[in-house]
Amino acid sequence: MLLVAPAALYVLVFQIVPVVYGLILSFTEYTPLQRGAPTFVGLQNYAALVGDADFRGALWVTARYTLQVLPVTIAIALVLALLANRSFRGVGIFRSALYVPHIVSLTAVSMIWLWMYSQNGLINDILGTFNLSPQHWLNEPSSALNGVSVMRIWKALGSNMVLLLAGLQTIPKNLYEAASIDGAGRWHLFRHVTLPGLRPMLIYVIATDIIYLSQSFAEIFVLTSGGPLRSTTTVNYLIYTEAFEYSNMGSASAMAFVLFAFIAALTLIALRGGRER
Amino acid sequence: MTDTLPIDHQRKRRFSRAERGRALNITVLLIATLMVLFPFLWMISLAFTPAQEAFRDVSLWPSNPTLENFVTALTVGNLSRAFVNSAVVALVAVLTNCLFTVSAGYAFAHLPFRGSNVVFYCLLATAAIPVAVTLIPLFLMASSIPFAGGNDALGRGGSGLIDTLGGLSIPYLVGTMSIFLVRQFFLGMSRDLAEAARIDGASELRIFWSIYLPISRPIVAVVAIFAFTGVWDDLLWPLVVSSSARSQTVQLALTGFTQSGNIQYAPLMAAAIIVTIPVLLVFLFNQRHFISGLSEGAVKG
């Protein structure tokens, strides 16, 4: 018990107390700069969010971002994991190399893509060789979120692939042999042996991806600062500006709890969907 | 691969088809790997390209490679100061995590007490809380820590731990996921050794310290890696808590390079490389632990 005490005390003070404190804050109006205490306003913050176009927009951006990055990155990661699951000389090099984007921090990786998307950057260079006109990738409301999404798909590939690979390796080899003897083709093997065997890991990967993606901040901060015209303002980014630029701690806290519920709902849907079949 | 008829010519054909499949397999992997690594190759090449050339003709192999960007990155911005700050906070977090999560995880696995399961699941549940929920309260708490930064006993009047390394380290000291991983690790370990030592009259602390800790190197490595990368790669908390150059971290210093209207990409890439090197080294020396730690939670959880 003595061994648990320091960790438990830390979590109590710096994890559980803040959650309670945040919940209380979300029912108050509080601007620390004015040196006053928080004033209780009931459900007013939450009610205001319902009619807040900026907040609804941010929820929509967050949902779109999460749901468009997730399937693409998982599909590509799955193909790569299947390819890297064979044993041949040098397969370790591929596995490590594909993992590199995961190791480099989101901020640093965003810097590279900021340059690649810039006016004289790599992507416009490549377009130029095909005589296509340069685009302002991150400055157009129609393309900015997709631009960030492509970066994030690339960034998330490595860890997803490694996890799916670990999942593939837990599937017993004799299942494949038995199914082959019964005359199952490649597609049937994938559909009836690989996918069911991979399901626990697949669910885990999807759930953790949802949790990470729906809290996107660093890449938005670096690449677009939420713009243009708020087209890339995620909820987390909005919370940051609301709390630390406009100093509205109460309303920002309410946003955080709505985000919490949103993430929990998405994750539960994913878990439920994974269990049924 | 599907038919297993032992006819000679059929086996031969099957073999060549398998070989072709393998060549295709490797080719696709190779192309994918090159595409994934491509941005990094450009980052490295740009970092060695003279800053004046970087706006025009950048090539994958710089014609006049130079180290000037690295010098610029370290001297112009706040990167060297930030590097020390990040290293100090990361070191503290690695130490506290190794100390507290390993001992707690061990106790949850081998020394259950009344209500220990409840405590464990409470701790684990906090791992699911989004950062945004605790961000604001933690900031307000950090700013009103009593007797710090000019505060009085009630935590008022000053700035508390805002803009200090102490304030920076608050969210990283104990990782709840790490407690979970350590517990899983010790659950998979035999208790016979502990029983034998207990009969010989060894104290619980002695059993932990001299028997289990020495054989738990792999999990300690995982905990240390998580703690280190957690501090090193974070942007949001430093952004909130640090308000001046004296408490900037590496990721924050990186964003400093993009704040001006006319971004100097060549020094920026050099800075990004400098910031990445420590994590890359940690990864290279612990590759095995890195990946096992990542998948541990999924397989056993």
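**Salt bridges and cysteines in a predicted model**

At 8% relative accessibility, B:Asp163 in this predicted model counts as buried. The views below show this residue and others that take part in salt bridges, then two cysteines.

**Figure 1. B:Asp163 and B:Arg246 form a salt bridge.** The two side chains meet with an N to O distance of 3.3 Å. This contact joins distant parts of chain B, since 83 residues separate the partners. B:Asp163 lies in the loop between helix 5 (131-143) and helix 6 (165-169), while B:Arg246 lies in the loop between helix 11 (236-241) and helix 12 (250-256). The acidic partner, B:Asp163, is buried because its relative accessibility of 8% is under the 20% cut-off. B:Arg246 has a relative accessibility of 45% and therefore counts as partly exposed.

**Figure 2. A:Arg152 and A:Glu219 are paired in chain A.** The closest N and O atoms of this salt bridge are 2.7 Å apart. Here too, distant parts of the chain are linked: A:Arg152 belongs to helix 7 (residues 144-168) and A:Glu219 to helix 10 (residues 218-223), 67 residues apart. Both A:Arg152 and A:Glu219 are buried.

**Figure 3. B:Arg198 and B:Glu195 form a salt bridge within helix 8 of chain B.** The closest N and O atoms are 3.2 Å apart. Helix 8 covers residues 192-199, and the two partners sit three residues apart in this helix, so about one helical turn separates them. B:Arg198 has a relative accessible area of 31%, which means that this residue is partly exposed. B:Glu195 is also partly exposed, because its relative accessibility is 40%.

**Figure 4. B:Arg198 and B:Glu195 belong to a salt-bridge network.** B:Glu204 is the further member of this network, linked with B:Glu195 and B:Arg198. Over all chains, the structure holds five salt bridges, including the pair B:Arg198 and B:Glu195.

**Figure 5. Two cysteines of chain B, B:Cys98 and B:Cys122, are partly exposed.** B:Cys98 has a relative accessibility of 22%, and so counts as partly exposed rather than buried, the cut-off for buried being under 20%. For B:Cys122 the relative accessible area is 41%, which places this residue in the partly exposed class. A disulfide would be a covalent bond between the sulfur atoms of two cysteines. A search of the whole structure finds zero disulfides over all chains.

Note on methods
Residues numbered from 1 in each chain as written. Chains lettered and ligands numbered in written order. Predicted model: local features only at pLDDT ≥ 70, side-chain atom pairs only at ≥ 80, totals over all residues. Heavy atoms only, no water. Salt bridge = Lys/Arg side-chain N within 4 Å of Asp/Glu carboxyl O. Helix = DSSP H or I, 4+ residues; strand = E, 2+ residues; numbered from the N terminus. Buried < 20%, exposed > 50% of the residue type's maximum accessible area, 1.4 Å probe, protein only. Disulfide = S-S within 2.5 Å.
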